[in-house]
Amino acid sequence: MFDITRRHLLAGTAAAAGLSLLPRTAFAAEELVAATFGGTWANVHKQILAPYFSKKSGATVVQSPMLATEQIAKLTAAKGAQPPFDVAMLDDGPNIAAIDAGLVEKFDPSKAPNFASLAPGFKTEYGPAITMQAIGIAYNPKTVKTPPTSWADLWKPEYKGRVGITSLASTLGLAFLLDINRLEGGTEASMEPAFKKLKTLLPNLAAVSANFGAHGALFQQNEIDIGVQNFNFAEELKAKGVPIEFVRVSTGTPAWKTTMHVVKGALKPDLAYSYIDSQLSAEVQGEMQKSPWNVIPTNSKVPFDGLVASKIAKTPADLEKMVFFDWKKVNQGRAEWTAQFNRDIRA
Amino acid sequence: MADGAAKEGQEWRLTLPLTLFFVAFFVGPLLLLIGISFQAERQMTGVLGLNQYAVFLGDSLNLDVLSNTLILGVKATALCLIFGYPLAWLITRVSARMQALLIFLVILPIVTSVVVRTFAWIVILGRRGIVNDAIIAMGLSATPLRLLFNEAGVVIVLTQVQLPLMVLPLVTVLQRIDPNLASASQALGAGAWRTFFKITLPLSMPGIIAGTILTYTACVSAFVTQSLIGGSRLLYMPMMIFQQAMDLQNWPFAAAISVLFMISVLLIVGLLVALSRSRAARLYG
């Protein structure tokens with residue numbers, strides 16, 4: 001009984017949504033809807049990927065910025081009906097959850113010629129890794145005179161009330177917590193060392209941003225002088241004139257992959273493949289690697305260059321030396337850690 | 001005559017479109033939400049139970065978050081009333097042109113995008129923001145005050161953002177009060193304050209209650225303001241629901257805490273309505 005109501009309602013909502021789309025679909029039959037992230041990603045996808053894809057396929061694309069978790073929530077809600085978008089963009093962690101929940105299709109490499117140019121580590125059964133995200137410390141060089149070298153610097157008494165981190169809603173926040181845990185001798189199965197260590201950081205914290213978008217603004221507004229940050233986002237802020245420097249931490253750079261997937265039941269599967277293939281092309285990845293974007297390429301035909309080469313990796317082998325986590329275990333622990341984080345971090 | 005009466009009796013039919021709309025898009029989803037909250041498992045396997053409610057009520061942190069959210073609403077609403085009442089009163093006393101201008105200024109926050117508005121507040125209240133720069137320039141403090149990422153900041157911003165919801169009902173009610181009543185009170189020897197407390201304030205009570213209900217419900221559910229101005233170290237119910245629904249995909253738990261949050265807010269609103277009834281009864285009965 002309950003199930004029927006739910007299905008009816010979903011169908012009703014889908015019909016309503018369909019109505020509002022009618023004029024658009026009637027005139028531009030070939031239109032792809034793709035998810036993207038905010039910040040740097042929304043920019044590179046609009047400026048580099050969209051025109052390239054349109055030229056190649058003759059179709060247009062609507063890029064909708066959403067957090068990875070938000071994409072999963074929307075796909076889950078639409079399960080059994082038309083999905084709200086055709087291409088998903090996910091981080092390690094959410095991508096495992098999406099695969100487990102059957103939200104994305106198995107990837108057919110024959111439909112994306114550029115897939116073959118990826119290094120083996122970037123190919124998965126469900127889609128390609130389009131980049132690596134690497135994190136480290138960003139700081140304001142005007143107020144922090146000695147460049148930090150390790151996470152331990154965030155605990156220095158001189159940074160009392162000046163440090164910023166993000167909540168576990170972002171992969172950045174999770175990766176930071178996991179790395180602290182690793183350095184304190186914990187594993188993904190035992191996070192106590194991380195939480196114990198995190199408590200001692202409280203006096204230094206100026207802010208814990210609720211999400212990633214708010215995090216960049218903290219540096220921009222001088223609310224924090226030093227804190228965790230993603231390489232791309234720090235460099236993009238710097239290119240905009242924000243006084244910010246990014247450094248890798250000496251204990252190893254925590255990193256994760258960002259993947260693209262064809263959504264299960266995609267309305268335009270062929271366009272979805274073409275879009276993902278465009279993202280994998282050497283032209284697009286080479287363009288995205290340039291400043292101010294500095295997106296780490298995964299196509300082996302694109303040599304590392306610019307800031308990626310000088311700050312992150314000279315060769316693909318360097319990428320493999322980064323610190324990776326067991327995201328399957330992370331997904332299992334996430335709810336419990338979020339509760340613990342909420343409890344420990346509360347002002 | 002008989003015909004007219006029959007038509008009169010059928011006027012309720014005019015509300016049918018709206019009723020259908022409400023059933024489809026408000027009552028339906030609400031029942032769905034309540035239904036999901038009884039799912040015992042995160043994966044919504046169909047096993048029903050009160051687990052989600054038990055989990056929420058069994059953790060003191062959750063109860064703290066709930067009470068903090070409800071108290072946050074009280075603080076912001078009280079400030080809205082303190083600032084809004086004199087403003088509403090002023091609006092009813094000035095010329096028509098001035099009145100239009102003041103009302104425009106009052107509703108300005110509603111017509112601005114909530115995200116833009118909130119980021120503007122980050123610029124104003126920040127460590128290097130306008131307020132702190134002024135305080136330091138005047139020598140009132142040597143170091144910047146912490147106005148963001150604490151409850152005070154959230155209350156300040158909520159007050160500005162939700163003020164129109166308080167002022168508009170107050171203006172409506174104050175305009176309807178017969179000015180002769182105040183004159184009569186003064187003619188009978190009451191001072192300005194006595195007139196205010198005995199005549200104006202009681203007669204404006206319906207506006208105060210209406211404004212309070214609107215402001216309160218808006219303040220406790222102001223997700224964007226709460227999370228952007230408060231940051232993650234201040235946790236309120238809307239953020240908690242978002243975390244469970246979006247970050248953790250735990251819809252049954254998110255639904256259960258939504259239901260509990262809704263009941264708590266409804267209880268408070270019910271209390272205010274009851275208060276307004278008793279007031280009205282005393283005044284006009």
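Colleague: How many helices and strands does chain A have?

Modeller: Chain A comes with 13 helices and ten strands, where helices (H or I, at least four residues) and strands (E, at least two) are DSSP runs numbered from the N terminus. This is a predicted model, where local features need pLDDT of at least 70 and side-chain atom pairs count only at pLDDT 80 or more, while totals for chains, interfaces and linings use all residues. Residues are numbered from 1 along each chain as its sequence is written, chains are lettered from A and ligands numbered from 1 in the order in which they are written, and side-chain values use heavy atoms, with hydrogens and water left out.

Colleague: OK, and what average pLDDT does chain A get?

Modeller: It averages 91, and 92% of the residues in chain A score at least 70. pLDDT is the predictor's confidence in each residue, from 0 to 100.

Colleague: Where is confidence lowest in chain A?

Modeller: In helix H1 of chain A (residues 2–27), with a mean of 44. The highest is strand S10 of chain A (residues 255–262), at 98. Over residues 1–27 of chain A, pLDDT stays under 50, and the model has twelve contacts beyond four places in sequence for that stretch. Contact means heavy atoms within 4.5 Å.

Colleague: Why does the radius of gyration of chain A agree with a compact globule?

Modeller: Because a compact globule of 347 residues would come out near 20 Å, and chain A has 21 Å. The radius is taken over C-alpha atoms, and the globule rule is 2.2 Å times the number of residues to the power 0.38. Of those 347 residues, 54% count as buried, meaning under 20% relative accessible area (exposed is over 50%, partly exposed in between; 1.4 Å probe, protein chains only).

Colleague: Switching chains, what's the secondary structure of chain B?

Modeller: Chain B has 14 helices and zero strands. Its C-alpha trace spans about 80 × 70 × 30 Å along the principal axes, and 43% of its 285 residues are buried.

Colleague: And how far apart are the centres of its positive and negative side chains?

Modeller: In chain B, the 17 positive and 10 negative side chains have centres 12 Å apart. For chain A, the mean positions of 36 positive and 32 negative charges are 2 Å apart. Lys and Arg count as positive, Asp and Glu as negative, with His and the chain ends not counted; each charge is placed at NZ of Lys, CZ of Arg, CG of Asp or CD of Glu.
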